[in-house]
Amino acid sequence: MNNPTIGYHKIRGLGAPLRMMVYYKSANFVNVGYGADMKEAWFGGAKPPLAEKNSCINLPYIIDGDDIITQSNTCCLYLGKKLGIDDEALFFTNHTVLDQTMDLRNDLMKIVYPFGSVKNKEEFPAAAKDHLAGSATVNLTKLEGFCKGPYMCGSAPQSGDFALFEMLDQHQSICKSIGEPDILDQHPKLKALHAAMKGDAALSKYFASDCYSKWAQNNGLLTHFTGQASDFEYGPTVEEQVTF
């Protein structure tokens with residue numbers, strides 16, 4: 001890969017594992033985050049010409065030379081292969097991790113946005129407690145049992161570990177925000193995985209970056225929970241060259 005572009009909302013979300021992987025491998029890339037002006041910048045700007053080249057185009061996407069990759073798990077697998085992170089012998093195990101993590105993420109989305117039964121921020125804490133006791137515990141128990149240690153597939157992280165890390169990190173943040181015990185205390189292998197990635201020197205620049213430390217976990221225009229301070233401002237679209 002030669003300086004690919006990674007495009008997503010100006011949030012962590014499904015873009016976080018992709019950015020995290022390129023930071024992990026110190027691979028130069030262009031980071032595009034569509035912000036409060038995404039109607040103009042994405043729907044009316046970048047999307048139409050990309051759709052002419054890939055009719056499935058959505059957020060996130062990767063532009064790598066003439067290749068345009070989209071769909072979240074496909075993007076993770078693409079970077080895992082191109083960056084030399086994923087071991088082909090572990091493909092199906094890793095894919096299971098990606099799919100199970102997406103199940104967890106999809107259930108989380110039901111409470112952080114007003115499209116389901118949780119209509120406002122005031123209802124979020126109670127809904128979050130139900131999620132932690134229900135779907136989150138169910139999915140994390142499955143992933144705990146599937147974890148070989150120290151990472152999901154064994155001694156080295158695969159692309160699925162990066163997707164899972166983001167979900168573990170977000171759930172820890174939710175627990176802290178509503179005064180609940182850390183849910184990872186119930187899942188020691190997953191807690192160790194999270195700590196290993198957080199402490200990896202290869203990821204220190206990622207954890208210091210704005211896209212991790214200052215961007216919302218969910219879409220700042222709609223979400224009940226940003227993971228940021230109450231005075232958080234979503235802001236306009238950004239495009240930045242990240243160089244190592």
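**Exercises on helix packing around S159**

Leaving aside neighbours within four places in sequence, S159 touches M21, C76, L77, G80, I85, D86, N94 and L98 in this predicted model.

**Exercise 1.** Determine in which helix S159 is found, and decide whether S159 is buried or exposed.

*Solution.* Begin with the element: S159 is found in helix α6, which covers residues 159-177. Next, take the relative accessible area of S159, which is 0%. Since buried means under 20%, S159 is therefore buried. Finally, return to the contacts of S159, which include N94 and L98; N94 and L98 also appear among the α4 residues that meet α6.

**Exercise 2.** Work out how α4 and α6 are oriented relative to each other, and state the hand of their crossing.

*Solution.* First, note the geometry: helix α4 (residues 91-112) packs against helix α6 (residues 159-177) at an angle of about 30°, and their axes are 8 Å apart. Angles under 35 degrees count as roughly parallel, and α4 and α6 are therefore roughly parallel to each other. The crossing of these two helices, α4 and α6, is left-handed. Then list the residues: on the α4 side they are N94, V97, L98, T101, L104, R105 and L108, and on the α6 side S159, G160, A163, L164, M167, Q170, H171 and I174. Sorted by class, the residues of this contact of α4 with α6 comprise 8 nonpolar, 6 polar and 1 charged.

**Exercise 3.** Describe how helix α3 packs with α4, and say which residues make the contact.

*Solution.* Start from the axes of α3 (residues 72-82) and α4, which lie 11 Å apart and form an angle of about 145°. The crossing of α3 and α4 is right-handed. The contact is formed by S72, N73, C76 and L77 from α3, together with F91, N94, H95, L98, D99 and M102 from α4. In terms of class, the contact of α3 with α4 has 5 nonpolar, 4 polar and 1 charged residues.

**Exercise 4.** Place these helices in the whole protein by asking how many helices and strands the protein has, and what its radius of gyration is.

*Solution.* Count the elements: the protein has 9 helices and 5 strands, and from the N terminus on they run β-α-β-α-β-β-α-α-α-α-α-α-α-β. Turning to dimensions, a compact globule of 244 residues would have a radius of gyration near 18 Å, and the protein, with 17 Å, agrees with this. Along the principal axes, the C-alpha atoms fill a box of roughly 45 × 45 × 30 Å. As a last step, consider burial and contacts: 52% of the 244 residues count as buried, and among contacts between residues at least 6 apart in sequence, 70% join residues at least 24 apart.

Terms used:
Residues numbered from 1 in each chain as written. Predicted model: local features only at pLDDT ≥ 70, side-chain atom pairs only at ≥ 80, totals over all residues. Heavy atoms only, no water. Axes fitted to C-alpha atoms, helices over the stretch in contact; angles between N-to-C directions. Helix = DSSP H or I, 4+ residues; strand = E, 2+ residues; numbered from the N terminus. Parallel < 35°, antiparallel > 145°, perpendicular 65-115°, else oblique. Left-handed = near helix turned anticlockwise from the far one by under 90°. Contact = heavy atoms within 4.5 Å. Nonpolar A, V, L, I, M, F, W, Y, C, P; charged D, E, K, R; others polar. Rg over C-alpha atoms; globule rule 2.2 N^0.38 Å. Buried < 20%, exposed > 50% of the residue type's maximum accessible area, 1.4 Å probe, protein only.
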